[in-house]
Amino acid sequence: MSRRYFIEDEIHAEPISEHATLEAAIIELERLAGVPWDDEPNRAPCTSWRTCERNYEILEVETSPDSRKILRQIPALEVSAKGVVWNDDLPRG
């Protein structure tokens, strides 16, 4: 069994990316935090995207050839017209 880390937009249940380590997932979130809220991939997929937001979380998943088990969901980053808000509990460098 191994662990993988998935970034997902919790509000829209949209998978964003997959990473081998938590550190790699955080690096990707730092990149996303630098992208304007109304540019892809931060622009929300819904028709009310101007007033919506992205609410990114990291899913730590234990994987095996025949199963996947979510070990934890880590709230990470919110991106909206109001700005970027990090979860203070996220272990960032």
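In the predicted model, strand E1 (residues 2–9) and strand E3 pair in the antiparallel sense, and eight bridges connect the two. Two of the pairings in this ladder can be followed residue by residue: Asp-9 has Tyr-56 of E3 as its bridge partner, and Glu-8 is bridged to Glu-57, likewise in E3. Strand E1 also pairs with E2, again in the antiparallel sense, over five bridges, and within this ladder Phe-6 finds its bridge partner in Glu-18 of E2. The link between E1 and E2 is a hairpin with four residues between the strands, and one residue of the turn, Ala-13, has a positive phi of about 50 degrees.

Strand E3 (residues 54–64) is joined to strand E4 (residues 67–80) by 11 bridges, and the two strands run antiparallel. One of the pairings places Val-61 opposite Ile-70 of E4, its bridge partner, and the connection from E3 to E4 is a hairpin that passes through two residues. Strand E4 in turn pairs with strand E5 (residues 83–86) in the antiparallel sense over four bridges, among which Glu-78 has Val-85 of E5 as its partner. A hairpin is again the connecting element here, with two residues between E4 and E5.

Taken together, these pairings give an open sheet of five strands in the order E2-E1-E3-E4-E5, with antiparallel pairing. The edges of the sheet are formed by strand E2 (14–19) and by E5, each of which pairs on one side only. From one strand to the next, the twist averages 30 degrees. Helix H1 (residues 22–33) packs on this sheet and touches E1, E2, E3, E4 and E5, while the direction of the helix makes about 160 degrees with that of E3. As background to these pairings, strands of a sheet pair through backbone hydrogen bonds, in either a parallel or an antiparallel arrangement. In a regular strand, moreover, the side chains alternate between the two faces of the sheet.

The loop between H1 and E3 holds an aromatic contact. The count of aromatic pairs in the model comes to one, and this pair consists of Trp-37 and Trp-49, which are tilted with respect to each other, with a centre-to-centre distance of 5.7 Å and 40 degrees between the planes. Both Trp-37 and Trp-49 lie in the loop between H1 and E3, so the pair ties together parts that are 12 residues apart in sequence. With regard to solvent, Trp-37 counts as partly exposed, at 24% relative accessibility, whereas Trp-49 is buried, with a relative accessible area of 12%. Trp-49 has a further neighbour in Arg-43, which lies over the face of its ring at 3.7 Å from the ring centre.

Pro-41 also lies in the loop between H1 and E3, and the peptide bond that leads into this residue from Glu-40 is cis, with omega near 5 degrees. The backbone of Ala-13, which lies in the loop between E1 and E2, is likewise notable, as this residue has a positive phi of about 50 degrees although it is not a glycine. In general, most residues other than glycine have a negative phi, and most peptide bonds are trans. Ala-13 counts as exposed, at 56% relative accessibility.

The cysteines were examined for disulfides, and the count comes to zero. Cys-46 is in no disulfide, although the sulfur of Cys-52, which is the nearest cysteine sulfur, is 3.6 Å away; conversely, Cys-52 is in no disulfide, and its nearest cysteine sulfur is that of Cys-46, at 3.6 Å. The assignment rests on the cut-off, because a disulfide requires the two sulfur atoms to be within 2.5 Å. In general terms, a disulfide is a covalent bond between the sulfur atoms of two cysteines. The two residues fall into separate accessibility classes, with Cys-46 counted as partly exposed at 23% relative accessibility and Cys-52 counted as buried at 17%.

Note on methods: Residues numbered from 1 in each chain as written. Predicted model: local features only at pLDDT ≥ 70, side-chain atom pairs only at ≥ 80, totals over all residues. Heavy atoms only, no water. Pairing = 2+ DSSP bridges. Axes fitted to C-alpha atoms, helices over the stretch in contact; angles between N-to-C directions. Contact = heavy atoms within 4.5 Å. Buried < 20%, exposed > 50% of the residue type's maximum accessible area, 1.4 Å probe, protein only. Phe/Tyr/Trp six-rings, centres within 6.5 Å; stacked < 30°, edge-to-face > 60°. Lys NZ or Arg CZ within 6 Å of the ring centre and 35° of its normal.
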